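Work through the two exercises below with the sequence and the model side by side, attempting each task before reading its solution.

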Amino acid sequence: MNLPNSLTILRVAMIPLFVVAMLWESDTSDIIAGSIFILACITDFLDGFIARKYNLVTTFGKFMDPLADKLLVCAAMICFLAQEDPEIPAWVVIVIISREFIISGFRLVAAEKGVTIAASWWGKIKTTVQMLMSLLLIFHFNHPVFRTIDQVFIYLALALTVVSLIDYIYRNRHIMKDIE
């Protein structure tokens, strides 16, 4: 197994630790959860950078890297909804998670046809914004300016989620042809 794939597996392994830290109620749980989330985001950047720089792109990486990102971000959003007064509306989380299920289903259909679909730039931008939004919500700074920034990132992430879904389906519409 190459280094980028190992970093992806490490990111997936961090998710349960992150969830425990998010749901644990203590004075330091936000700092611990935020630190784990930041480390997971760093592994996302590193595995992609190393894979491209050293030509270590694999089918496993094309499939698992975006899946690891989806698991991390979706876990964070579900944890946000478990909070007493969630800053993110449940309907936004439903739309974002629904997009991830649709894309995963699309990828399964493509895989059955022997096609591996890598993440698009829209998807990468969407993931980056979702990760930044998640960090802001993890640390939930209690200041009106930060509350406004939180809301901007929530709706920017939502918009990019929809745009990236439309782009993904349009660019790969040929895969859905001849499906019974």
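The exercises that follow concern the nonpolar cores and one helix pair.

This is a predicted model, in which local features need pLDDT of at least 70 and side-chain atom pairs count only at pLDDT 80 or more, while totals for chains, interfaces and linings use all residues. Residues are numbered from 1 along each chain as its sequence is written, and side-chain values use heavy atoms, with hydrogens and water left out.

**Exercise 1.** Determine which residues of the largest nonpolar core touch the most other members, and which helices each supply at least two of its residues.

*Solution.* Begin with the term: a nonpolar core is a set of buried Ala, Val, Leu, Ile, Met, Phe, Trp, Tyr and Cys residues joined through side-chain atoms within 4.5 Å, where buried means under 20% relative accessible area (1.4 Å probe, protein chains only). The largest such core has 33 residues, and those touching the most other members are Phe 18, Phe 37, Leu 72, Met 77, Phe 80, Ile 88 and Ile 138. Next, at least two residues each come from helix 1 (3–23), helix 2 (29–53), helix 3 (59–81), helix 4 (90–112), helix 5 (121–139) and helix 6 (144–171), helices being DSSP runs of H or I with at least four residues, numbered from the N terminus. Helix 3 gives the largest share, 8 residues.

**Exercise 2.** Establish how helix 5 and helix 6 are oriented to each other.

*Solution.* The two axes (lines fitted to C-alpha atoms over the stretch in contact, meaning heavy atoms within 4.5 Å, with angles from 0 to 180 degrees between N-to-C directions) come within 9 Å and cross at roughly 155°. Helix 5 is therefore roughly antiparallel to helix 6, a label for angles over 145 degrees.

Methods: Buried < 20%, exposed > 50% of the residue type's maximum accessible area, 1.4 Å probe, protein only. Parallel < 35°, antiparallel > 145°, perpendicular 65-115°, else oblique.
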